[in-house]
Structure formats: structure tokens, C-alpha cells
Amino acid sequence: FEPLNFDWGSVKSAGLHNHCLKNHVDIKQLCCGRILLHAREKIHNFREQIGVRLCCFKIGITSNPLIRFGTYFQKGYTSMWLINASNSIDSVSMLEAALISEFGKHVGCHNKPNSGGEGGLNKKSPPPPPYYVYIVGGRADQNRRVG
């Protein structure tokens, strides 16, 4: 599959970062455990970078991270990391649900408990791939409310 093809450096300063597994890794050969481990590590890193005690965050899936981040930015979120990319809606939905199951109990998580995979990609005519799992967040002590 082809991830979004544009200059990631141009959106990095706005708070959108690509932390998906790199193309040099044979994604077809990755087991689900390795993908989950990578995603968990990235979420831990994201929360530590913002500040674990002050991090308000949400885990989600999208086919268009630029537009999705724009809607979150309007709600006070300041950073988004893409942590997995796939052509499979089922794969990203299951990864999202697994991550919400693990991180949903953490202070600052804005996901509903036991959610994941029920979002906008599950339409009769879903958007074309690739699909992304992301974490978006902001600091609770900033001037704007997050969420």
C-alpha cells in the first residue's frame, strides 16, 4: 500500500507526525504482536512527550489524517501522531480497540470505554485506503480546553 505521499516535514511543525513503521520494514511479514508493541510504545512516547500527568488524549482511526487533525486542532488538541497504516479497515479497527482497551483507563483518555472500530470507516462505501491509527493530544494546562 502507499501511505499518504507528501512532505511530512511540512506538517511536522503544525503538530502532525508520521510514526508508522517505515517502508523498509516488510509490513506483510509483521505479526500482529509486533504491530501492537510498536503502537503501545508510540503511545507511551507521545504521552511522555506531552507530559503524562497533563496529557489529554484520544486514540482513533482515519483515512485522511490532515482533515482529521484539523477538526481536533479546533478542539484544543495540539499534536497528532500516526502510529500505524494499513489497507485493512479490520486491522486498524482491531488495533484501535486493543489500544483503547489498554489506555482507556489512563487519566486523560477521552475515548469511551470498550470502544474502537465503530467509527466513520465502517460505512457501506468506505473511503479508499490507506487507513491510519493515531493518537491525538494536548496539555490540560494550556489556555484552551482540550476536547
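This is a short walk through one protein chain, from its fold to its cores, its aromatic rings and its cysteines.

Keep in mind that this is a predicted model.

Start with the layout. The protein chain has 4 helices and 4 strands. Read along the sequence, helix and strand alternate: α-β-α-β-α-β-α-β. The protein chain has 147 residues, and 43% of them count as buried. Now the contacts. Take those in the protein chain with a separation of 6 or more: 80% of them join residues 24 or more positions apart. As for surface, the protein chain exposes about 8,500 Å². Carbon and sulfur atoms supply 52% of that area.

Next, the interior. Which residues have the most contacts inside the largest nonpolar core? They are Phe57, Ile59, Leu99 and Val133, in a core of 23 residues. Several elements give two or more residues to this core: helices H2 (32-50) and H4 (89-103), plus strands S2 (55-62), S3 (79-86) and S4 (131-139). H4 gives the most, with 6 residues. There is also a second, separate core. That one has 14 residues, among them Leu16, Cys20, Cys56 and Val136.

Let me zoom in on Ile59. Leave aside residues up to four places away in sequence. Ile59 then touches Ile43, Glu96, Leu99, Ile100, Phe103, Asn111, Val133, Tyr134 and Ile135. So much for the core contacts.

On to the rings. The structure holds 4 aromatic pairs. One of them is Tyr72 with Tyr77, in an edge-to-face arrangement. The centres are 5.1 Å apart, with 80 degrees between the planes. Buried or exposed, these two, Tyr72 and Tyr77? Both are buried. Ring pairs also bring in Tyr134: together Tyr72, Tyr77 and Tyr134 form a cluster. Tyr134 came up a moment ago, as one of the residues touching Ile59.

Last, the cysteines. How many disulfides does the structure hold? The count is 0. Look at Cys31 and Cys32. Why is there no bond from Cys31? Because the closest cysteine sulfur, in Cys32, is 7.0 Å from the sulfur of Cys31, too far for a bond. The cut-off for a disulfide is 2.5 Å between the sulfur atoms. From the side of Cys32, the closest cysteine sulfur is in Cys31, at that 7.0 Å. Their exposure is worth a word too. Cys31 is partly exposed, with a relative accessible area of 47%. Cys32 counts as exposed, at 69% relative accessibility.

That is the tour. Over to you.

Terms used: Residues are numbered from 1 along each chain as its sequence is written. This is a predicted model: local features need pLDDT of at least 70, side-chain atom pairs count only at pLDDT 80 or more; totals for chains, interfaces and linings use all residues. Side-chain values use heavy atoms; hydrogens and water are left out. Rings of Phe, Tyr and Trp (its six-membered ring) pair if their centres lie within 6.5 Å; planes under 30 degrees apart count as stacked, over 60 as edge-to-face and the rest as tilted. Buried means under 20% relative accessible area, exposed over 50%, partly exposed in between (1.4 Å probe, protein chains only). Contact means heavy atoms within 4.5 Å. Accessible areas come from the Shrake-Rupley method with a 1.4 Å probe; for residues, only the protein chains shown count as cover. A nonpolar core is a set of buried Ala, Val, Leu, Ile, Met, Phe, Trp, Tyr and Cys residues joined through side-chain atoms within 4.5 Å.
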